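Q: Please take a close look at the empty space in this model and walk me through what surrounds it. I'd like one connected account, with numbers, rather than a list.

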Amino acid sequence: MDFILGFTLLLLFQLLGEIIVIFFELPVSGPVMGIVLLLIALLIKGSVGKSLNNASTTLIGHLSIMFVPVSVGLMAHYELLMNEWLAITVTLLGSTIIMLVSTALLMSITSRFFAKETKHDV
Amino acid sequence: MTFDEKLSAVWILIQESPLTGISITLLAYVLAMYLYKKSDYKPILSPFITSMIVVVSVLLITGISYENYFAGGKFIHFLLGPATVALAIPLYHQLHRIKQLFFPIMITLVASVFIGSLSAIGIADLFGASLETQISLAPKSVTTPVAMGISEQIGGIVSLSAGLAATTGVLGGVIGLKIFSLIGVTDDRYRGFAMGLTSHGLGTAVAFQESNTMGAFSGLGMALASFTTAFMLPWLLSLLAII
């Protein structure tokens, strides 16, 4: 029962998100807007209920199966993949390494910088 | 009805019923999860990759078309919406950590959207990928459901973006920890955040195996990257006159 209630809440927040996206012509998808709305609701309420915790843990835990149906559609792009496999492979590998390195370094440098700043203030 | 007629009636049912698409997907996933657990959670055996290979093989062998498969697959696909909304809950649990490291997180976050999407488009362009492929590659570092939404918005190929985002997740999960030790970043908060920004869900799964702190920061990075990319990427691409 907990799962059904939490699942219903998630669907309602998604629906609300979709409505707001249409209404304000926002550049994001309905579910992403749903995250914002649910986060605001949780901040107002001050806690996550048992039902929402239950539903979110289950859904997030099995997120990977939900990618499968659309990704199988890669089949339909067989020709594109065959033609551009080199560019795609180099891009995925190169860009992933660049991001891992730059974000990890940036995070440790900025953290150190702002930590020093706070010490000076004190 | 003769036996042969019965057989062909059954075959038509199998090809056209939504039951087939749902069953193939769920069976592939159960098998993939079993292998993943058996392998002690090796990122290369991520359930997504295994399930996809199994489903594609079944469709190729049986000759069931993608359209017929998706008649059932769309019910599982539908769950992506509520599952994405559910990301608000881990994000809520991490809010106090965002406050602690607010400025470093914000700076790194915005920079990572620039670095991630521009490096992808740049490298793809350099190696002669078509414009459509370049656009489909741009949201590769956000969690797959969000990448699909963004791709739709900016005119990419939705299923291509989904597959590329998922592959990026696997890739970062496999090489992430090695890269961090190579460049000497040892703090689990920074390693986790970088992992989540780059490799979303699968990176986060790997991060949680390292430590709870790394997992929490990876989840935080994943959730924040989804928002920031969704808001920034369409603007960034129109600024560059790509779309």
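A: Let's start with residues 56-78 of chain A: this stretch is 70% helix and 0% strand, and its end C-alpha atoms sit 35 Å apart. Keep in mind that this is a predicted model, so everything below is computed from predicted coordinates. The stretch comes from UniProt, where an unreviewed entry lists 27-44, 56-78 and 84-109 of chain A under "transmembrane region". For residues 84-109 of chain A, the figures are 100% helix, 0% strand and 37 Å between the end C-alpha atoms.

Now for the largest pocket, which holds about 740 Å³ of space. Its lining takes in 33 residues, and those nearest its centre are Ile60(A), Gly61(A), Leu63(A), Gly201(B) and Ala205(B). Both chains build the wall: H3 (50-61) and H4 (63-71) of chain A are among the helices that each supply at least two lining residues, as are H2 (18-38), H3 (47-62), H6 (88-93), H11 (158-183), H12 (188-210) and H13 (212-239) of chain B. H12(B) gives the most, with 6 residues. Chemically, the lining splits into 20 nonpolar, 12 polar and 1 charged.

Gly61(A) is worth a pause, as one of the residues nearest the centre of that pocket. Gly61(A) lies in helix H3 of chain A. With a relative accessible area of 48%, Gly61(A) counts as partly exposed, because that class runs from 20% up to 50%. Setting aside neighbours within four places in sequence, its contacts are Ser56(A) and, across in the other chain, Tyr29(B). If you want a ruler for this part of chain A, Gly61(A) and Gly73(A) are 12 residues apart in sequence, with 23 Å between their C-alpha atoms.

The second largest pocket comes to about 550 Å³. It is lined by 21 residues, and Leu74(A), Ile49(B), Met52(B), Ile53(B) and Thr167(B) are the ones nearest its centre. Helix H5 (78-121) of chain A plus H3 and H11 of chain B each put at least two residues into that lining. The top contributor is H3(B), with 7 residues. The make-up here is 18 nonpolar, 3 polar and no charged.

H3(B) also holds Thr50(B). Thr50(B) counts as buried because its relative accessibility of 11% is under the 20% cut-off. Beyond its neighbours within four places in sequence, Thr50(B) touches Ala32(B), Leu35(B) and Leu45(B).

What about closed space? Searching the whole structure for cavities of 30 Å³ or more turns up 1, and the largest cavity has a volume of about 80 Å³. Met99(A) is part of the lining, together with Ser112(B), Val113(B), Gly116(B), Ser117(B), Ala138(B), Ser141(B), Val142(B), Leu197(B), Ala225(B) and Thr229(B). H8 (102-126) and H13 of chain B each supply at least two of the lining residues, with H8(B) giving the most at 4 residues. This lining divides into 6 nonpolar, 5 polar and no charged.

Then there's the packed part. The largest nonpolar core has 101 residues, and those with the most contacts inside it are Leu10(A), Leu38(A), Val72(A), Val55(B), Ile105(B), Phe193(B) and Leu220(B). H13(B) brings the largest share of this core, 12 residues. Leu220(B), taken on its own, touches Leu91(B), Gln94(B), Ile98(B), Ile105(B) and Phe193(B), once residues up to four places away in sequence are left out.

Zooming out, chain B has 13 helices and 0 strands. Its C-alpha atoms fill a box of roughly 75 × 45 × 35 Å along the principal axes, and 56% of its 243 residues count as buried. Of the chain B contacts with a separation of 6 or more, 64% link residues 24 or more positions apart.

The UniProt record, again from an unreviewed entry, lists several "transmembrane region" spans for chain B, including 75-92 and 192-208. Residues 75-92 of chain B are 83% helix and 0% strand, with end C-alpha atoms 28 Å apart. For residues 192-208 of chain B, the chain is 100% helix and 0% strand, yet the end C-alpha atoms lie 9 Å apart. That span is a good one to check by eye, given that H12 (188-210) of chain B is one of the helices lining the largest pocket.

Notes: Residues are numbered from 1 along each chain as its sequence is written. Chains are lettered from A and ligands numbered from 1 in the order in which they are written. This is a predicted model: local features need pLDDT of at least 70, side-chain atom pairs count only at pLDDT 80 or more; totals for chains, interfaces and linings use all residues. Side-chain values use heavy atoms; hydrogens and water are left out. On a 1 Å grid over the protein atoms alone, a cavity is a set of points where a 1.4 Å probe fits but cannot get out, and a pocket is an open set with protein on both sides within 12 Å along at least five of seven lines; lining residues have an atom within 4 Å of a point. Grid points are joined across faces, edges and corners, and a volume is the space filled by probe spheres set on the points. Ala, Val, Leu, Ile, Met, Phe, Trp, Tyr, Cys and Pro count as nonpolar, Asp, Glu, Lys and Arg as charged, and the others, Gly among them, as polar. UniProt positions are given in the numbering used here, feature names are shortened, and annotations may be inferred rather than shown by experiment. A nonpolar core is a set of buried Ala, Val, Leu, Ile, Met, Phe, Trp, Tyr and Cys residues joined through side-chain atoms within 4.5 Å. Buried means under 20% relative accessible area, exposed over 50%, partly exposed in between (1.4 Å probe, protein chains only). Contact means heavy atoms within 4.5 Å.
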